[in-house]
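Me: I'd like to learn how to read a few features off a model like this one. Could you take me through them, general idea before particular case?

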Amino acid sequence: MRWLWYFIIYSFAGFLLEVAFARVIRHPKRDRKCLLLLPLCPVYGLGASLIVWLAPMVRSPVWVALVGGLAATGAELVMGAFYRFALGVEFWNYAGMPGSFGGLVCPVFSACWTVLSLVLVYTLHPLVAAFTALIPARLGPPALILVGTDMLVSCVALRRAGTTEVLRWYALE
């Protein structure tokens with residue numbers, strides 16, 4: 001169950017990072033959640049989980065950064081393609097950025113993921129691993145059901161609406 005907790009914690013951390021980023025750049029869309037109910041961004045959960053899984057295989061900080069950046073960029077590409085082609089929505093589009101690949105990934109953000117991989121592996125993850133070790137096993141199945149249900153319902157809502165605005169149910173009139 002620890003991987004479920006890693007996914008949830010890093011998805012929430014990604015949500016917080018997105019909200020902070022939107023505030024810093026004064027983006028008009030400040031609400032950055034990707035699920036209907038929970039404040040989670042699954043692309044971060046997937047990317048961070050991949051980085052944490054791969055890091056022990058490469059060990060050296062240089063390789064952790066490179067492999068981590070590639071893993072996060074790969075997660076961003078896969079999730080972006082899933083959102084765009086399977087659900088008909090976009091949470092991000094890098095089309096105007098230099099080196100963009102289909103608006104799904106770009107070198108500037110890949111460089112950010114590379115640096116953040118080092119922060120994740122050497123600073124954040126040891127704390128998260130220690131914290132998740134304290135979570136009782138009996139909480140895993142309800143968390144899995146809650147997150148899984150929210151993901152499924154969110155996918156259906158996004159596909160039907162064709163816009164990420166459907167996730168802002170609390171702001172709709």
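Me: Let's begin with Cys41: is it buried or exposed?
Reply: Keep in mind that this is a predicted model. For burial, you look at relative accessible area, and under 20% counts as buried. Cys41 has 2%, so it is buried.

Me: And how far is the sulfur of Cys41 from the closest cysteine sulfur?
Reply: For a disulfide, two cysteine sulfur atoms have to lie within 2.5 Å. The closest one to Cys41 belongs to Cys34, at 3.6 Å, which is too far for a bond. Cys155 is in no disulfide either, as its nearest cysteine sulfur, again that of Cys34, is 11 Å away. Cys155 is partly exposed, with a relative accessible area of 22%. The disulfide count comes to zero.

Me: Now helix packing. At what angle do the axes of H2 and H3 cross?
Reply: The idea is to take the angle between N-to-C directions, where over 145 degrees counts as roughly antiparallel. H2 (residues 42–58) and H3 (residues 61–87) cross at roughly 150°, their axes coming within 8 Å. That makes H2 roughly antiparallel to H3. The crossing of this pair is right-handed.

Me: Which residues make the contact between H2 and H3?
Reply: On the H2 side they are Pro42, Val43, Leu46, Gly47, Leu50, Ile51, Leu54, Ala55 and Val58. H3 brings Trp63, Val64, Val67, Gly68, Ala71, Ala72, Ala75, Glu76, Met79 and Tyr83. By class, the contact of H2 with H3 has 16 nonpolar residues, two polar and one charged.

Me: Where is Arg59, and what is its phi?
Reply: When you read a backbone, check the sign of phi along with the residue type. Arg59 is not a glycine, yet its phi is positive, at about 60°. Arg59 sits in the loop between H2 and H3. With 69% relative accessibility, Arg59 counts as exposed.

Me: Which residues does Tyr122 touch, leaving aside its neighbours within four places in sequence?
Reply: Setting those neighbours aside lets you read contacts between parts of the chain that are further along in sequence. Tyr122, in helix H4 (residues 107–132), is in contact with Arg59, Ser60, Pro61 and Val64. So the loop residue Arg59 turns up in the contacts of Tyr122, where contact means heavy atoms within 4.5 Å. Tyr122 and Pro61 are 61 residues apart along the chain, with their C-alpha atoms separated by 8.8 Å. Tyr122 is partly exposed, with a relative accessible area of 41%.

Me: How does H2 pack against H4?
Reply: Use the angle again: 65 to 115 degrees counts as roughly perpendicular. H2 and H4 pack at about 70°, with their axes 10 Å apart, and that makes H2 roughly perpendicular to H4. H2 passes H4 in a right-handed crossing. From H2 come Tyr44, Ala48, Ile51, Val52 and Ala55, and they meet Trp113, Ser117, Leu120, Val121 and His125 in H4. This contact of H2 with H4 has eight nonpolar residues, two polar and no charged. Ile51 and Ala55 are on this list, and they are also part of the contact of H2 with H3.

Me: What about H1 and H5: at what angle do they cross?
Reply: Here the axes of H1 (residues 2–24) and H5 (residues 140–161) come within 10 Å and cross at roughly 50°. That makes H1 oblique to H5, and their crossing is left-handed. Leu4, Trp5, Phe7 and Ile8 of H1 make the contact with Gly140, Ala143, Leu144, Val147 and Met151 of H5. The residues of the H1 contact with H5 divide into eight nonpolar, one polar and no charged.

Me: One more from H5: how far is Val153 from Arg84 in space?
Reply: It helps to read sequence separation next to distance in space. Val153 and Arg84 are 69 residues apart in sequence and 17 Å apart in space, C-alpha to C-alpha. Val153 lies in helix H5 and is partly exposed, with a relative accessible area of 40%.

Me: And Ala95: where is it, and what does it touch?
Reply: Ala95 is in the loop between H3 and H4. It is exposed, at 57% relative accessible area. Leaving aside neighbours within four places in sequence, Ala95 is in contact with Ser100 and Gly103. Ala95 and Cys106 are eleven residues apart in sequence and 8.5 Å apart in space, C-alpha to C-alpha.

Note on methods:
Residues are numbered from 1 along each chain as its sequence is written. This is a predicted model: local features need pLDDT of at least 70, side-chain atom pairs count only at pLDDT 80 or more; totals for chains, interfaces and linings use all residues. Side-chain values use heavy atoms; hydrogens and water are left out. Buried means under 20% relative accessible area, exposed over 50%, partly exposed in between (1.4 Å probe, protein chains only). Axes are lines fitted to C-alpha atoms, for helices over the stretch in contact, and angles run from 0 to 180 degrees between N-to-C directions. Helices (H or I, at least four residues) and strands (E, at least two) are DSSP runs, numbered from the N terminus. Angles under 35 degrees count as roughly parallel, over 145 as roughly antiparallel, 65 to 115 as roughly perpendicular and the rest as oblique. A crossing is left-handed if the near helix is turned anticlockwise from the far one by less than a right angle, and right-handed if clockwise. Ala, Val, Leu, Ile, Met, Phe, Trp, Tyr, Cys and Pro count as nonpolar, Asp, Glu, Lys and Arg as charged, and the others, Gly among them, as polar.
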